[in-house]
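Reader: I would like to go through this model feature by feature. Please give the general idea each time, then the case at hand.

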Amino acid sequence: MTRGNPFPTFPSRKTRAVSKWGDRIFLVLTAVAAAGLIAVLVALVVVLYHGSLPTINALGLNFLYTLTWNPQGNVYGIVPFAIGTLLTSAIALLLAIPLSIGAAIFLTQHAPTWLREPVAQVIQLLAAIPSVVYGFWGLIVLVPIMRYDVDPILANVLGWTGWFSGRHIGLDVLTASVVLSIMTVPTITAISKDSILAVPRSQKEAALSLGATDWEVSRRAVIPYARSGIIAGIVLGLGRALGETMAVTLVIGNANVIPTSLFSQGQTIASLIANDFFEQETPLELPALLEAALFLLIITLAVNIVARWIQARFQAGRAVGAE
Amino acid sequence: MFDRAMRRKLFSHGMTILTGATVVIVLIPLFWIIYESALLGGSVFSLGFFTQNIPAPCSAHTGVTCSTEGVGSAIQGTVYLLLLASLYSVPVGLGAAIFAVEYGGQRAFARAISMAADVLSGVPSIVAGMFIYALLIVYEPAIVFSVFSGSLALGVIMLPIVMRTSEEALRTIPHSVREAALALGISRWKTSVRIILVGALPGVLTGVLLSIARAAGEAAPLLLLDNGSLHPCLSVDTVCQSLSLTIYLGATSASSNYVAIAWGAALLLIIIILGLSIVSQLVLNRTARKWGQGS
């Protein structure tokens, strides 16, 4: 932008002085807002770290590898909840990935054109439904179905694996995973769809000209090209699943133990915070919960940064490929 | 039986059907949730449901009659929460977006602000709740459990959504518009406010609506910070009920009428949130078309 006014008589000197000050004030105000946004992010880490100092000092690294959570004995270990969080998120992704990628391929490659946009937008409505509604629906509708219909079948068919043993209660790791998978589908579908749409036409046309069928075009020309974008979508979905609270809390059974099968009651880090916050028994429990929140924050931030990094690399690669 | 080309063609059609089936499977939970809420929530909808406050828990032993009217105090609490949360998140988010787009000259810094917003949008809502708790318990312990503290946590959740959608809206204004305004001698801040921001206003409003839709359904931070009152709210330093927590109450309370009330609250929330999402999507589509033609 060039400085100076090529028409000295307009605007007048006075107007220019006013706008100069206006510019400065406006710059400062917006800069303060931008700094405020970054400050919130920094404050999140600092405040949670400061709040969890009592347990960090008292327990040190024990917090990260102790296998039990026993407030009366002043024993606080994150392991059962870290396992609960990773297990529910992993199963949720296992269920959501094929569905989301299948939906993304159908909506970009195979569906009639008039159907694509409306259906894609309806799938996005899944992301708009509040997590507490998912949890409530899961508790009232899904839990009885899992308990009386799904669990017995799974125990019969897959009982030999050892993953499906124990009483059929319905309030368990498996139900929490199913609810989480429903919630991660819109994220993975949307980002996979966008990255498939970003595949250059020439890529598809080349495959078609070689006589490939529709599926072979998707499988061999489109998906490999969109792979990193799809992975970024999966990682973002993982980020959403890891931190989900209300939906999980209402269906996981809330037992502070390491789950032994998918029918075990369990607890994720987020559901631990929601459950134990109002049942603090000792002065050290609050800092322990704050440290659990800090732990969850660091994991989700790391997962999100990895996802953005993959996405940025994907876009950079695309820019090079377009030349 | 079939030759190779035929097999490949059939396999391709089979995969079309299979991927189409995944779309159907994905949509089943959406319609299931909407169906249950409409059925069970719709049956408690009445004038009293929207105006009466949440009733006391009922049981056969105490002889309190089981009323399913209503969620008036929860509606009021949710409105308070969203108004307060917008009050902090909209100016900060919009300001940061303007700074990133209009003054983000050195692109690395502008990208750092967007990156910070992206990262912030990945923060779990329960962590935002613990953050506000840990912050207020040190500086203002008197209001740590209040509608004000709940709205602060919702503000943290809304901030990155407002910032990112506003940023994208501001970026849709072609650079030539900025240059034209500056060439006419209009000062930079007036260009930003009167020309760029006005042009991007539909997109910015869309972002604000989307962030409000997101915050309206949040329950996790409110569970920690603004939980436990059935009564209408009187001031910002008192605890108020909200629609999202009314659903949680229905899931955890032994009182039978709370389940019916929770379905009603769920239906009301779904109508509000899907309404906001659809309206904002329509606005966005329309503006995208407008600028698409202009450039």
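Reader: How many helices and strands does the secondary structure of chain A come to?

Author: The model is predicted, and the readings below are computed from it. Chain A has 12 helices and 2 strands.

Reader: In which pattern do they follow along the sequence of chain A?

Author: Along the sequence, chain A reads α-α-α-β-β-α-α-α-α-α-α-α-α-α.

Reader: How does the radius of gyration of chain A stand against that of a compact globule?

Author: The general idea is to set the value beside the one expected for a compact globule with that number of residues. For 323 residues the expected radius is near 20 Å, whereas chain A has 26 Å. The box filled by the C-alpha atoms of chain A, taken along the principal axes, is roughly 85 × 65 × 35 Å.

Reader: Into which domains is chain A divided?

Author: Domain 1 of chain A spans 13-51, and domain 2 of chain A spans 79-322. Their centres, taken over C-alpha atoms, are separated by 37 Å. To their contact, domain 1 of chain A gives 5 residues and domain 2 of chain A gives 5 residues.

Reader: What kinds of residues are on the side of domain 1 of chain A that touches domain 2 of chain A?

Author: That side of domain 1 of chain A has 4 nonpolar residues, 1 polar and no charged.

Reader: What percentage of the residues in chain A is buried?

Author: A residue counts as buried if 20 or more other C-beta atoms lie within 10 Å of its own. In chain A, 48% of the 323 residues are buried.

Reader: And what share of the contacts in chain A joins residues at least 24 apart?

Author: Taking contacts between residues at least 6 apart in sequence, 77% of those in chain A join residues at least 24 apart.

Note on methods: Residues numbered from 1 in each chain as written. Chains lettered and ligands numbered in written order. Predicted model: local features only at pLDDT ≥ 70, side-chain atom pairs only at ≥ 80, totals over all residues. Helix = DSSP H or I, 4+ residues; strand = E, 2+ residues; numbered from the N terminus. Rg over C-alpha atoms; globule rule 2.2 N^0.38 Å. Buried ≥ 20, exposed ≤ 12 C-beta atoms within 10 Å, placed from the backbone. Contact = placed C-beta atoms within 7 Å. Domains from an automatic or database assignment. Nonpolar A, V, L, I, M, F, W, Y, C, P; charged D, E, K, R; others polar.
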